[in-house]
Amino acid sequence: MAQAPIPPASVVRFNTLCATCHEGECSGRLSFRLDSGATDHHIRRYTGDITLQAARELNALLEHMKLHCGYYAIDLPAPKDGRWQAELLQQLHAAEEKAYFVPLGTLAAGRQRFTLTFEREAVVSVQLVSAGFEITEQSSVRTQGGRAAVTLEAEKPGDYYLRLRTEQPVRLLALEKELLQ
């Protein structure tokens, strides 16, 4: 029997909380064979009191990351024009973590500019993460008028993600990406 897809909310929470410690712990480098009770305890130590279903989803995501050495696909369409709006961004938000995890799709190698528009002033750390877990980061970016532009380098062409973490809860209203020449 096929398992139902893991909901985007759990995938985003895993990729903003759990993945930061487990990225790169692939099957060839670290085994992960704990019983479900030990796994649930580990997960709840970092997430707090969550439902059994949510704990099992996070465990399945951890297992996926370790076995496939990659992120679980988020079942949401990425905008073809490189412009994310508030409705889609809300589905990529982990409010508990004050974070977003945005699948960017395939990027060309080179400098990428990300323009972020928040509902109000914010301080945000921005990470460009490759499918192979290489991370380029600009931390403590302060918006002006709720907006900030961040330029990060994609070392080689491939699938990338943008992980954002704000100091205070604040809603991201828009995200635009463009390749710079």
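**Exercise 1. The cavity lining**

Find which residues line the largest cavity of this predicted model, then sort them by class.

*Solution.* Start with the residues around the space: the largest cavity is lined by Leu76, Pro77, Ala78, Trp84, Leu88, Leu92 and Pro103. Next, sort them: seven are nonpolar, while no polar and no charged residues take part. Then turn to the volume, which is about 30 Å³ for the largest cavity. Finally, count the cavities of 30 Å³ or more: there is one. As background, rolling a probe the size of a water molecule over the atoms shows where empty space is left.

**Exercise 2. A sheet and its edges**

Work out the strand order of the open four-stranded sheet, and explain why S1 and S7 each have one side without a neighbour.

*Solution.* Begin with the order, which reads S1-S9-S4-S7, and note that the pairing is antiparallel. Now look at the ends: strand S1 (83-85) and strand S7 (147-154) are the edge strands, and each has a single partner, so one side of each lacks a neighbour in the sheet. For the geometry, neighbouring strands here are turned by 15 degrees against each other on average, with direction ignored. Last, zoom in on one pair. Strand S4 (residues 110-118) and S7 run antiparallel and are joined by eight bridges. Along this pair, Thr115 stands opposite Ala149 in S7.

**Exercise 3. Helix H3**

Compare the span of helix H3 with the expected value, then list its buried residues.

*Solution.* First, take the length: H3 covers residues 52-68, which makes 17 residues. From its first C-alpha to its last it reaches 24 Å, close to the 24 Å expected at 1.5 Å a residue. Second, pick out the buried positions of H3: Ala55, Glu57, Leu58, Asn59, Leu61, Leu62, Met65 and Lys66. A helpful reminder for reading such a list: an α-helix has 3.6 residues a turn, so residues three or four places apart point the same way. Third, step past the end of the helix, where Cys69 takes a positive phi of about 50 degrees just after H3.

**Exercise 4. Two more positive phi values**

Phe133 and Ser140: where does each lie, and is each buried or partly exposed?

*Solution.* Keep in mind that most residues other than glycine have a negative phi. Phe133, not a glycine, has a positive phi of about 75 degrees. Phe133 sits in the loop between strand S5 (123-130) and strand S6 (135-142). With 12% relative accessibility, under the 20% cut-off, Phe133 counts as buried. Ser140, also not a glycine, has a positive phi of about 55 degrees. Ser140 is placed in strand S6, and its relative accessible area of 48% makes it partly exposed.

Conventions. Residues are numbered from 1 along each chain as its sequence is written. This is a predicted model: local features need pLDDT of at least 70, side-chain atom pairs count only at pLDDT 80 or more; totals for chains, interfaces and linings use all residues. Side-chain values use heavy atoms; hydrogens and water are left out. Two strands pair if DSSP finds at least two bridges between them. Helices (H or I, at least four residues) and strands (E, at least two) are DSSP runs, numbered from the N terminus. Axes are lines fitted to C-alpha atoms, for helices over the stretch in contact, and angles run from 0 to 180 degrees between N-to-C directions. On a 1 Å grid over the protein atoms alone, a cavity is a set of points where a 1.4 Å probe fits but cannot get out, and a pocket is an open set with protein on both sides within 12 Å along at least five of seven lines; lining residues have an atom within 4 Å of a point. Grid points are joined across faces, edges and corners, and a volume is the space filled by probe spheres set on the points. Ala, Val, Leu, Ile, Met, Phe, Trp, Tyr, Cys and Pro count as nonpolar, Asp, Glu, Lys and Arg as charged, and the others, Gly among them, as polar. The expected span of a helix is 1.5 Å times one less than its number of residues. Buried means under 20% relative accessible area, exposed over 50%, partly exposed in between (1.4 Å probe, protein chains only).
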